[in-house]
Amino acid sequence: MTSTVQSSWSITRHPGAAAIAFALTAALVAGCGSSDDTSDNPLSEDKADGSTVVVGSNNFAESILLADIYGEALKAKGIKVTYKPNIGSRETTYGLLKNGTITVLPEYNGSLLAYLDPEAEQKSVEAVNAAVKTKLDAKLTLLDSAPAEDKDSVSINAETAEKYDLTGQSTLADLKDIAPELVIGGSPEFQTRHQGLLGLEKEYGLKFKSFKALDAGGPLTQAALTKNTVQAADIFTTDPTITKEKFVVLQDPKNLFGFANVTPLVHKSDLSQEGIDTLNAVSAKLDTKTLLDLDSQVQLENKDPLDVAKEWLNSVGLD
């Protein structure tokens with residue numbers, strides 16, 4: 001879900017290029033979205049001082065965009081905000097939330113539950129959120145989920161779809177006999193997660209020819225799928241490149257990828273009730289169609305996510 005255009009923003013905020021970003025000047029880092037409120041090093045463990053809300057994001061474009069939306073909404077209420085963008089995967093950000101380095105993080109409820117309890121069933125948004133709250137560290141809390149949903153998917157490229165006569169109505173089960181001929185790509189974590197290769201084998205019996213470690217649905221994954229370096233890949237369902245490149249998203253009847261409603265996860269002692277109410281108001285306004293449109297502006301039109309965030313908040317009266 002990161003930009004397909006190699007701008008300075010995408011380079012500095014993109015997974016796999018983090019080392020480059022940290023080697024650049026502080027001025028360049030500060031200029032990459034979230035403007036002058038961005039921490040130079042997103043992995044630094046400087047704690048919030050109680051008067052500042054630290055908004056973090058994972059290492060893909062939609063998370064960075066959502067963090068900018070949360071942060072700018074909070075700033076509109078007079079709350080002091082700093083940003084730690086493009087930190088990494090959930091395996092990193094969850095720990096930073098627990099120790100108070102981050103105050104707020106855009107999360108996906110079902111994906112978070114799968115991380116906390118890989119065996120948990122996901123039958124409804126309400127049930128998922130209730131289950132997450134029982135598993136969370138005591139210092140953390142989950143706020144209201146948005147109607148907007150963005151989940152992992154196994155998508156195949158147009159060439160593979162044509163070769164095996166697969167369409168948008170095809171399911172993951174239809175890959176069982178084909179998978180040994182296919183290379184699948186995704187983030188390194190996708191190889192070891194239940195909502196990844198482990199679950200695909202357990203739930204659908206899929207054993208792929210090989211796995212290629214790329215990024216979290218970003219340009220490396222998109223390019224590999226487009227060029228047929230991989231024939232299947234973990235692509236997020238609100239990724240505008242699905243339409244642009246004619247990728248085919250396979251149906252998931254066993255709901256392996258669960259629910260993935262955008263939901264703020266917060267270190268509760270560092271966020272005021274006004275801050276909580278503000279983020280819940282953002283969730284109430286954000287639906288899937290809107291999220292896809294905002295993603296398209298960032299990823300296809302190469303707009304700065306901070307500008308996109310500000311424009312949307314203004315359009316819904318939350319600025």
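These legends go with a set of close-up views of one predicted model.

**View 1. Here's the whole protein chain, before we zoom in.**
This predicted chain has 319 residues, and buried ones make up 56% of them. Run along it and you'll pass 14 helices and ten strands. Take the contacts with a separation of 6 or more: 76% of them join residues 24 or more positions apart. As for the outside, the chain exposes about 12900 Å², with carbon and sulfur atoms supplying 50% of that.

**View 2. Now for the largest pocket.**
Rolling a probe the size of a water molecule over the atoms shows where empty space is left. The largest pocket holds about 540 Å³ of space. Three helices each give two or more residues to the lining of this pocket: H5 (90-98), H6 (109-116) and H9 (194-204). H6 has the largest share, with three residues. In total, 31 residues line the largest pocket, and the ones nearest its centre are Ser89, Arg90, Ser187, Glu189 and Arg193. Sort the lining by class and you get 13 nonpolar, nine polar and nine charged residues.

**View 3. Next up is the second largest pocket.**
There's about 250 Å³ of space in here. Look for Ala120, Glu121, His194, Asn255 and Leu256, which lie closest to the centre among the 16 lining residues. Helix H9 supplies four residues, the largest share of this lining. By class, the second largest pocket is lined by seven charged, five polar and four nonpolar residues.

**View 4. Let's zoom in on His194.**
You'll find His194 in helix H9. Is His194 buried or exposed? Its relative accessible area is 18%, so His194 counts as buried, since the cut-off for buried is under 20%. Skipping residues up to four places away in sequence, His194 touches Pro118, Gly199, Leu200, Lys202, Glu203 and Leu256. Leu256 also turned up in View 3, as one of the residues closest to the centre of the second largest pocket.

**View 5. This one shows the largest nonpolar core.**
In soluble globular proteins, nonpolar side chains tend to be buried together. The largest nonpolar core in this model has 37 residues, and Val55, Ile69, Val262 and Leu271 have the most contacts inside it. Several elements each supply at least two residues of this core, including strand E1 (52-56), strand E10 (262-267) and helix H12 (273-285). Helix H4 gives the largest share, seven residues. There's also a second, separate core of 23 residues, with Leu166, Leu172, Leu200 and Ala232 among them.

**View 6. Here's Leu271 and the residues around it.**
Leu271 is one of the residues with the most contacts inside the largest core. Which residues is Leu271 in contact with, leaving aside its neighbours within four places in sequence? They are Val53, Leu74, Thr103, Val104, Leu143, Val266, Ile276 and Leu279.

**View 7. Last stop: Leu136, in a loop.**
Leu136 sits in the loop between helix H7 (125-135) and strand E4 (140-142). Even in a loop, Leu136 counts as buried, because its relative accessibility is 11%. Leaving out neighbours within four places in sequence, Leu136 is in contact with Tyr94, Leu112, Leu116, Thr141, Leu142 and Leu265. Check the pair Leu136 and Leu116: they're 20 residues apart along the chain, and 7.5 Å separates their C-alpha atoms.

Definitions and conventions
Residues are numbered from 1 along each chain as its sequence is written. This is a predicted model: local features need pLDDT of at least 70, side-chain atom pairs count only at pLDDT 80 or more; totals for chains, interfaces and linings use all residues. Side-chain values use heavy atoms; hydrogens and water are left out. On a 1 Å grid over the protein atoms alone, a cavity is a set of points where a 1.4 Å probe fits but cannot get out, and a pocket is an open set with protein on both sides within 12 Å along at least five of seven lines; lining residues have an atom within 4 Å of a point. Grid points are joined across faces, edges and corners, and a volume is the space filled by probe spheres set on the points. Ala, Val, Leu, Ile, Met, Phe, Trp, Tyr, Cys and Pro count as nonpolar, Asp, Glu, Lys and Arg as charged, and the others, Gly among them, as polar. A nonpolar core is a set of buried Ala, Val, Leu, Ile, Met, Phe, Trp, Tyr and Cys residues joined through side-chain atoms within 4.5 Å. Buried means under 20% relative accessible area, exposed over 50%, partly exposed in between (1.4 Å probe, protein chains only). Contact means heavy atoms within 4.5 Å. Accessible areas come from the Shrake-Rupley method with a 1.4 Å probe; for residues, only the protein chains shown count as cover.
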